[in-house]
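User: I am new to this structure and would be grateful for a close look at a single part of it, followed outward to whatever it touches.

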Amino acid sequence: MRFAVIGCGVIGKHHARTIAGLAEAELAAVVDVIPERADELGAKHGVPALYSVEEALQRSDIDAVAVCTPSGNHAGPAVDALRAGKHVVIEKPLDVTPDAVAAVAKEAAVAGRVVTVISQHRFDAAAQIAHAAVQDGKFGVLTSGSADIAWWRSQGYYDSGDWRGTWALDGGGVLMNQGIHSIDILVWLLGQPTEVFAWTGTLAHERIEVEDTAVATIRFSSGALGVIRGTTAAYPGLTARIQVHGDHGSAVIDDDQLAYFHASDGSTDAPAYGGGAGDNQAAQVLPTQAGGTAGGDPSALSDAHTTQYRDFLSAIADGRQPLVTIEENTRTLEVIWAIYESAKLGRPVAVGT
């Protein structure tokens, strides 16, 4: 599968490196409207540097594209690529407005090409184990969950690009940019969200339009309740932590690692250790592994993109849908949009309306 990477910024470089490292894929070209960026990345990988999406899509040696432009510019290249018969990988989020997202979904249905949106942490072993436990009913009745993102981004980070911190191109702040991964995992675990109530604020940064701090409560169709807290104003930057709880078990994912896992045999009459931490079975299902954190460093990217690319490639080969579809990413975006609307209106808002 021969790829063109569209957008040669930080995340575009990561996609190019990921593709180049796959035996079943080939980096065929890189594209950026800033010629210097394209030239630099193209020279690094020994591939042609192109300066327009149109030029890339006209090439017969390109089968798929990876869209790595600013978030509010994802839909345009994705739609153009689908019309040109290419498969598409889109860096998160799919886009930042419902109309743009709907345009991609409509075109994908017509084109019959495979589209995936990057949500690489669904492929982490910890997330996979927690999701399998939920699906198998090992946690019993799901009662609650949380996503807690206490990160730090400096003022220099926001000043480094004129698109950062804008509604038009960033689509939001900590929730849309940094917290979307944790929110996605929470929704993947707890199911269909129905309603949110939220507060947001811009408390520690200047010259940005969007939130650097947000807190929300969320209700799911099962009746389970959740809490989302996100901030890029927690110096020096801690971890992202996701919890899911049921009446037979719980899981905690901290910094992409399975920090806690307990699934009972169905007997919950006598809480282990007097109702304290309980019997942590995490080591039995997944040995703890050390890893870096993006809490204080926006360039700290994991290798999980590789696993998602392999899922994308096998989906094409097998004629199936990838794990992360347009519909799945849209559900996560609907939660974030509802949070923004709730904070604006000061009342609960239904998700997906």
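In which loop is Pro93 found?

Analyst: In this predicted model, Pro93 is found in the loop between strand S5 and helix H5, the latter formed by residues 98-111. A cis peptide bond joins Lys92 and Pro93, with omega at about -10 degrees. Most peptide bonds are trans. The two elements that flank this loop lead in turn to two other helices.

On one side, helix H5 is accompanied by helix H4, residues 75-83. The axes of H4 and H5 come within 9 Å and cross at roughly 10 degrees. Because angles under 35 degrees count as roughly parallel, H4 and H5 are roughly parallel to each other. From H4, the residues Ala75, Ala78, Val79, Leu82 and Arg83 take part in the contact; from H5, they meet Ala100, Ala103, Val104, Glu107, Ala108 and Ala111. By class, the contact of H4 with H5 comprises nine nonpolar residues, two charged residues and no polar ones.

On the other side, strand S5 (87-90) is one of the elements against which the buried residues of helix H11 pack. The others are strand S1 (2-6), helix H1 (10-20), strand S4 (64-67) and strand S6 (115-117). The buried residues of H11 are Ala304, His305, Gln308, Tyr309, Asp311, Phe312, Leu313 and Ala315. An α-helix has 3.6 residues a turn, so residues three or four places apart point the same way. Helix H11 itself has 15 residues, numbered 304-318, and at 1.5 Å a residue it should span 21 Å. Its end C-alpha atoms are 21 Å apart, which agrees with that expectation. Just after H11, Gly319 takes a positive phi of about 70 degrees.

The cis bond before Pro93 has a counterpart in another loop: a cis peptide bond also joins Tyr235 and Pro236, where omega is about 5 degrees. Pro236 lies between strand S10 (225-231) and strand S11 (240-246).

Loops also hold backbone angles of note. Most residues other than glycine have a negative phi. Arg207, however, has a positive phi of about 60 degrees although it is not a glycine, and its place is in the loop between strand S8 (193-201) and strand S9 (213-220). Arg207 is exposed, with a relative accessible area of 61%. Asp256, likewise not a glycine, has a positive phi near 70 degrees. Its loop runs between strand S12 (249-254) and strand S13 (257-263), and Asp256 is partly exposed, at a relative accessible area of 27%.

Notes
Residues are numbered from 1 along each chain as its sequence is written. This is a predicted model: local features need pLDDT of at least 70, side-chain atom pairs count only at pLDDT 80 or more; totals for chains, interfaces and linings use all residues. Side-chain values use heavy atoms; hydrogens and water are left out. Helices (H or I, at least four residues) and strands (E, at least two) are DSSP runs, numbered from the N terminus. The expected span of a helix is 1.5 Å times one less than its number of residues. Buried means under 20% relative accessible area, exposed over 50%, partly exposed in between (1.4 Å probe, protein chains only). Contact means heavy atoms within 4.5 Å. Axes are lines fitted to C-alpha atoms, for helices over the stretch in contact, and angles run from 0 to 180 degrees between N-to-C directions. Angles under 35 degrees count as roughly parallel, over 145 as roughly antiparallel, 65 to 115 as roughly perpendicular and the rest as oblique. Ala, Val, Leu, Ile, Met, Phe, Trp, Tyr, Cys and Pro count as nonpolar, Asp, Glu, Lys and Arg as charged, and the others, Gly among them, as polar.
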